[in-house]
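Reader: I am new to this structure and would like a close look at one part of it. Please take a single strand and go through its partners.

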Amino acid sequence: MSENTTEVLVGGAVLAAAVAFVLYTGQATGFSGQGAGYPLSASFRSLEGVTVGTDVRLAGVKVGTVTGVTLNPETYRADTTLSVASGVEIPDDSAVIVSQEGLLGGNFVEIMPGGSPFFYEEGDEILDTQGSVSLISLLLKFVAGDSGASE
């Protein structure tokens, strides 16, 4: 009888650990369903390193995620949908930039707030965007001595 009790207790502990791991993973990846947000759209020339689920940050604080990325066949730009947390108001003259966490870090979308007293509404498009800069192409230009000036 004591073997059955031990097996039930160990099984319950393993099950509780599994549930805790799933909840922690959901919160760490931003997959939890808390605080839906409002969508904004932006179009980038280059969206290298950014995929669905990438963080959207304002002043270094995560305020949303990238929820959609599609290629516009007419402009050949990456049309992106960002979900910003409810309660976070973005001035309507703000810029959106693809930034890198460090030399070896991943990319994220950074909102550089403007000074306008008016704010983006749900579904608005952010027009001031700057895509990612390829570190490899910059290094190749530096090594090749290409200053970008034409003679």
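Author: **Strand β1 and its partners**

Alanine 42 has threonine 80 of β4 opposite it. The model is predicted, so local features need pLDDT of at least 70 and side-chain atom pairs count only at pLDDT 80 or more, while totals for chains, interfaces and linings use all residues. Numbering starts from 1 along each chain as its sequence is written, and side-chain values use heavy atoms, with hydrogens and water left out.

Strands here are DSSP runs of E of at least two residues, numbered from the N terminus; two of them pair if DSSP finds at least two bridges between them. Strand β1 covers residues 38–44 and is joined by seven bridges to strand β4, residues 77–84, in an antiparallel arrangement. Also across from β4, proline 39 stands opposite serine 83.

With strand β7 (residues 125–126), β1 runs parallel, and two bridges join them. There, glutamate 125 is the bridge partner of serine 41.

Five of the seven residues of β1 are buried, so the strand is largely enclosed by the rest of the structure. Buried means under 20% relative accessible area, with a 1.4 Å probe and protein chains only.

Strand β4 also pairs with β3 (residues 61–72), antiparallel, over eight bridges. In that pairing, leucine 82 of β4 is opposite valine 66. Four residues separate β3 and β4 in a hairpin, and tyrosine 76 in the turn has a positive phi of about 55 degrees.

Key. Buried < 20%, exposed > 50% of the residue type's maximum accessible area, 1.4 Å probe, protein only.
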